[in-house]
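Subject: Structure for you, with notes

Hi,

Here is the structure I promised to pass on. Have a look at it first, and then read my notes underneath.

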Amino acid sequence: FVFPLTSFAFEKEDIDSEDKKKYWAELNVIPENHQLRIIFVGAISRSFDFNPIVEAAQRAQDMGKEWQFVICGDGDHREHLMTRCIKSKNIIFPGWINDQKYLQLSKMSDIALAPYVNTDNFKINIPNKIIDYLRLGIPILSPLDGEVEQLVNRSYCGLKYDGNHQFGLFEKIDFISSNRDQMNMMANNAEITYFDEFDAHVVYNETIRRLETVVAMRLNTSFK
C-alpha cells in the first residue's frame with residue numbers, strides 16, 4: 001500500500017480581507033482585468049526548469065496575448081530569473097507568500113505550473129506541490145513523466161507539456177486558454193481528485209484501516 005503525501009484542506013477564513021485584496025492589487029494582480037493568469041508557488045531553485053516559462057511569457061507578450069505569470073517564492077535562482085525576465089512585463093515576482101495570500105491568488109488564477117526537472121526521483125513520486133495545486137482546484141501543467149503524467153491523464157486535471165520544446169508550454173497554455181470549458185472541467189477534476197485521493201482525512205483513515213488489517217492478520221497467525 002502506498003501512503004500518499006497528504007495535507008488538510010486550506011483554512012478559508014478571511015481570505016477576502018481588504019488587506020489581501022490591496023496586496024495583490026498593488027502588484028497588478030486584479031481579477032477584473034480579464035487576463036489569463038498562470039501561477040507558480042514554490043522554491044525558485046534548481047529542482048525546477050523555468051526556461052519554458054520565460055519563453056512562453058515572452059512569446060505571449062510578443063503576440064499581444066493578455067497572459068499574466070505570477071511566480072511566487074524565493075530561492076537561490078530568484079535573482080537570476082528576475083534578471084532574465086526584466087523585459088517581460090507580464091511576469092510578476094511577489095516573493096514569498098503565506099497560505100492565505102496563496103489561497104486568494106488561486107481564486108484569481110486559471111493555471112498552475114509545476115515545472116519540475118525530469119529526474120528519476122520526481123518521476124516516481126507525486127511531489128507535494130502537485131497536491132497543493134489539486135486542493136486549490138487549479139488545472140496543472142507539468143513536464144513530468146511517470147506518476148504525475150499518469151495522474152493528470154487519468155483524472156484529466158491538467159496537461160503534460162514538452163519541456164524540451166522551446167514553445168511546448170506556450171502551446172499547452174494557448175490550448176487551455178482557447179477552451180474554457182476544458183479548463184473548467186480540469187479545475188473541477190483537480191478538486192475532486194484531491195478530496196478522493198489526497199485529503200488527509202481520507203488518507204489517514206485508509207492508513208489506519210490497512211494497519212489494523214495487518215495487525216489482525218499477525219495476531220491470527222500468532223494464535224495458530
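Below is what I found in it, going from the whole chain down to single residues.

Before the details, two housekeeping points. This is a predicted model, so local features need pLDDT of at least 70 and side-chain atom pairs count only at pLDDT 80 or more, while totals for chains, interfaces and linings use all residues. Residues are numbered from 1 along each chain as its sequence is written, and side-chain values use heavy atoms, with hydrogens and water left out.

The whole chain

You'll find 10 helices and 6 strands; these are DSSP runs numbered from the N terminus, with helices being H or I of at least four residues and strands E of at least two. The C-alpha atoms fill a box of roughly 75 × 40 × 40 Å along the principal axes. Of the 224 residues, 45% count as buried (under 20% relative accessible area; exposed is over 50%, partly exposed is in between, with a 1.4 Å probe and protein chains only). The chain exposes about 12,300 Å², and carbon and sulfur atoms supply 51% of that (areas by the Shrake-Rupley method with a 1.4 Å probe; for residues, only the protein chains shown count as cover).

If we take contacts (heavy atoms within 4.5 Å) between residues at least 6 apart in sequence, 73% of them join residues at least 24 apart. On charge, there are 25 positive and 32 negative ones, and their mean positions are 2 Å apart. Lys and Arg count as positive and Asp and Glu as negative, without His or the chain ends, and each charge is placed at NZ of Lys, CZ of Arg, CG of Asp or CD of Glu.

Strands β1, β2 and β3

Start with β2, residues 67-72, where 6 of the 6 residues are buried. W67, F69 and I71 point one way, while Q68, V70 and C72 point the other. That fits the general pattern: in a regular strand the side chains alternate between the two faces of the sheet.

What does β2 pair with? One partner is β1 (residues 36-41), in the parallel sense over 6 bridges, with V41 bridged to C72. Another is β3 (residues 91-95), also in the parallel sense, over 3 bridges; here C72 is bridged to G95 and V70 to I92. To count as a pair, two strands need at least two DSSP bridges between them.

As for the connections, β1, helix α2 (residues 51-62) and β2 form a right-handed β-α-β unit. From β2 the chain then crosses through helix α3 (residues 78-84) to β3, and this crossover is right-handed too. Right-handed here means that, with the strands pointing away from the viewer, the path from the first strand over the helix to the second runs clockwise.

β3 is mostly covered as well, with 5 of its 5 residues buried. I91, F93 and G95 lie on one side, and I92 and P94 on the other. I92 has 12% relative accessibility, so it counts as buried. Apart from neighbours within four places in sequence, I92 touches L27, N28, V29, Q68, F69, V70 and I71.

Helix α6

Helix α6 (residues 128-136) is largely enclosed by the rest of the structure, because 7 of its 9 residues are buried. Those are K129, I130, I131, Y133, L134, R135 and L136, so you'll see that a lysine and an arginine are on the buried list. Among the elements covering them are β1, α4 (99-107), β4 (111-113), β5 (140-142), α7 (147-155) and α9 (180-198). Right after α6 comes G137, with a positive phi near 70°.

Two residues with positive phi

Most residues other than glycine have a negative phi, and two residues here are worth a look on that score. N28, one of the contacts of I92, has a positive phi of about 70° although it is not a glycine. N28 sits in the loop between α1 (18-26) and β1, and is partly exposed, with a relative accessible area of 41%. Y156 also has a positive phi, near 50°. Y156 lies in the loop between α7 and β6 (158-160), and at 25% relative accessibility Y156 counts as partly exposed.

Cheers
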